[in-house]
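Here's a walk through one protein model, going from a metal site to the rings and cores that fill the inside. Keep the structure open beside the text as you read.

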Amino acid sequence: MREHPGACAQCEQQRPLIGFTDAGNGICGPCAGVDLTYACRRCDTSHKIFREQLCTRCFATKQLAEALGGDGTPVPAQRQDFHSALSAAGHPRRVAYWLTGDGVPALLSQLGSSDEEFTHQQLDDLPNTPTTRYIRDVLIAASVLPPRDDRLEALPRWADALLTQALLPQRKFLTPFTHWYLLHRIRRAHRHRPLRASTQHQMRSRLRRALELLNWLDEHGIPLGELTQPELEMWLEEGPEKRREVRAFVTWARGRGLAGELVVPRVPVAAPSVFSTDKDQAEQLHRCLDDDALPLDVRTAGALTLLFGLQYTRLLELTVHDIIDDDTVVALNLNGHRLPLPPEVAQLARALRDQRQKRWHLDRTASTTPWLFPGQEPARALGATYLYLKLRRHGIAPLASRNSARLALATDLPASVLADFTGTSISNSTRWTGYAKRDWLDYIASRVQDRP
Ligand SMILES: [Zn+2]
């Protein structure tokens, strides 16, 4: 018998069709006189039957027990946590699919038969798919695996793959530069806070530029130790501006006597040129505060960017606990500073917090952090690029608004506080303080009063 989806010709219910009327129309099991139950034979739920007349969760639980314990034997005690975490996962379908993935059955039977600890490395050896990442998140949330910074962990593997492809003389310089300088510094700086995408990107760029320079020297038969300043400048000018990222490598090589007294000029920072006009900005702010048709996260992120010039990376680090609400005042916790929110913005922030808190309760089997702006994978916050594009899709021009807001903020706040608030560096904030001419409190007040 083949099952056909669709409405039964006799009872008109949406059920698997297993037979035909005399006229050739599909009919369901009960109408065809066949006793078929549609409930899971373990838990009796009548929906989401996955396979073997089991619902997705019961199927995943059974598969797991079989794989870990062998046929019919119970799950070994040292694997109980592993088994319970995955059986309770918020998205059992993902677990069910993962169980059939490349290398997973072998891993599970190995786990079942040994007393060894389960490790991140064992998951690293499997294909890196969203499903494997989800399983890792579930196991971290259940404390089966210790938390770890995925970006940080991925960097050495990425670097080693690049170094393997480099020629031997280049590798001789780049291996110590990568491991003893770049990675060492990054690890030290990120012992207690997660690595940002921009830092990850910068490290990769520094290594790539170093490799480019060494390849160029190789082509021109110039040993690194004999590279002259004019030659270095020629190489810099021939290529795109990002070549200046080679600065880290040149400084490192000079410090170790591998290169002469070379200097890579810093990239000049242009004064910000994109500002939205006051009228533009007021319009955008009104939309964030009043337009119910906009998604709540767009309204909140938009309002915070428009008013305070918060950088996305800072915004995306916020969790529901960073909305401090003592019933009279709602404030944002930014690195220990309390930023009080104007009433309308406070309402948005509060609503978003409540919404996220609810969602987190559903997803908490895979996430230890209740992000204010969670991404597709609940353990991670939304990416900065996604947020940028999402705001832009709804007509909020983020960069322009952020510049205007930061300009407004910079008038009154010391650079160090501005840096904390907005997530930029202090030197960057000092520049902004220099550009600024207005009082930010007046500015916010006028924005809110301006509303039609
Ligand atoms: Zn079931």
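## The zinc site

Along the chain, the zinc donors are spaced as C-x2-C-x11-C-x2-C. Bear in mind that this is a predicted model, so the values below are computed from its atoms.

Which residues supply those donors? They are Cys40, Cys43, Cys55 and Cys58, each giving its SG atom, and they lie 2.3 Å from the zinc ion. The angles subtended by the four donor atoms run from 101 to 120°, so the arrangement is tetrahedral. Cys40 sits in the loop between β2 (26-28) and β3 (49-51), while Cys58 belongs to helix α1 (residues 56-69), so this pair ties together parts that are 18 residues apart in sequence. Are Cys40 and Cys58 buried or exposed? Both Cys40 and Cys58 are buried.

Between the donor pairs there's a bit of backbone to look at. Most residues other than glycine have a negative phi. Glu52, though not a glycine, has a positive phi of about 55°, and Gln53, also not a glycine, has a positive phi of about 55°. Glu52 lies in the loop between β3 and β4 (54-55), and Gln53 is found in the loop between β3 and β4 as well. With 44% relative accessibility, Glu52 counts as partly exposed; Gln53, at 36%, is partly exposed too.

## Phe82 and its surroundings

Next, the rings. Searching the whole structure turns up seven aromatic pairs. One of them joins Phe82 and Phe118 edge-to-face, with 4.9 Å centre to centre and 80° between the planes. This pair links distant parts of the chain: Phe82 is in helix α2 (residues 80-87) and Phe118 is in the loop between α4 (104-113) and α5 (120-124), 36 residues apart.

How buried are the two partners? Phe82 has a relative accessible area of 3%, so it counts as buried. Phe118 is buried as well, at 7%. If we set aside neighbours within four places in sequence, Phe82 is in contact with Leu64, Leu68, Leu108, Leu111, Phe118, Leu139 and Val144. Take Leu68 from that list: its C-alpha atom is 9.6 Å from that of Phe82, and the two residues are 14 apart along the chain.

Rings also take part in a couple of charge-over-ring placements. Here they are, together with the pair just described:

| Partners | Arrangement | Distance |
|---|---|---|
| Phe82 and Phe118 | edge-to-face | 4.9 Å centre to centre |
| Arg94 and Tyr134 | Arg94 over the face of Tyr134 | 4.8 Å from the ring centre |
| Lys172 and Phe173 | charged end of Lys172 over the ring of Phe173 | 5.3 Å from the ring centre |

## A buried glutamate

Glu377 is worth a click. Its place is in the loop between α15 (343-363) and α16 (384-393). Which side of the 20% cut-off for burial does Glu377 fall on? Its relative accessible area is 15%, so Glu377 counts as buried. Beyond its neighbours within four places in sequence, Glu377 is in contact with Pro130, Arg133 and Asp137.

## The nonpolar cores

Now for the cores. The largest nonpolar core has 38 residues, and the members that touch the most others are Leu174, Phe177, Leu207, Leu213 and Phe249. Which elements give two or more residues to this core? They are α7 (150-165), α8 (168-189), α9 (197-219), α10 (229-238) and α11 (247-255). Of these, α9 gives the most, with eight residues.

Leu213 makes a good place to zoom in: not counting residues up to four places away in sequence, Leu213 touches Leu227, Leu232, Trp235, Val246 and Val250. There's also a second, separate core of 34 residues, and among its members are Leu310, Leu316, Leu318 and Ile323.

Two of the well-connected residues of the largest core, Phe177 and Phe249, turn up again in an aromatic cluster, where ring pairs link them with Tyr181 and Trp252.

## The whole chain

Zooming out, the protein has 20 helices and seven strands. Of its 452 residues, 43% are buried. Among contacts with a separation of 6 or more, 56% are between residues 24 or more positions apart.

Key: Residues are numbered from 1 along each chain as its sequence is written. This is a predicted model: local features need pLDDT of at least 70, side-chain atom pairs count only at pLDDT 80 or more; totals for chains, interfaces and linings use all residues. Side-chain values use heavy atoms; hydrogens and water are left out. Donors are N, O and S atoms within 2.8 Å of the metal (3.2 Å for Na, K and Ca); water is not among the atoms, so sites may look incomplete. Four donors count as tetrahedral if all angles lie between 85 and 135 degrees; four count as square planar and six as octahedral if opposite donors are over 155 degrees apart and all others between 65 and 115; anything else is irregular. Helices (H or I, at least four residues) and strands (E, at least two) are DSSP runs, numbered from the N terminus. Buried means under 20% relative accessible area, exposed over 50%, partly exposed in between (1.4 Å probe, protein chains only). Rings of Phe, Tyr and Trp (its six-membered ring) pair if their centres lie within 6.5 Å; planes under 30 degrees apart count as stacked, over 60 as edge-to-face and the rest as tilted. A charge sits over a ring if NZ of Lys or CZ of Arg is within 6 Å of the ring centre and within 35 degrees of the ring normal. Contact means heavy atoms within 4.5 Å. A nonpolar core is a set of buried Ala, Val, Leu, Ile, Met, Phe, Trp, Tyr and Cys residues joined through side-chain atoms within 4.5 Å.
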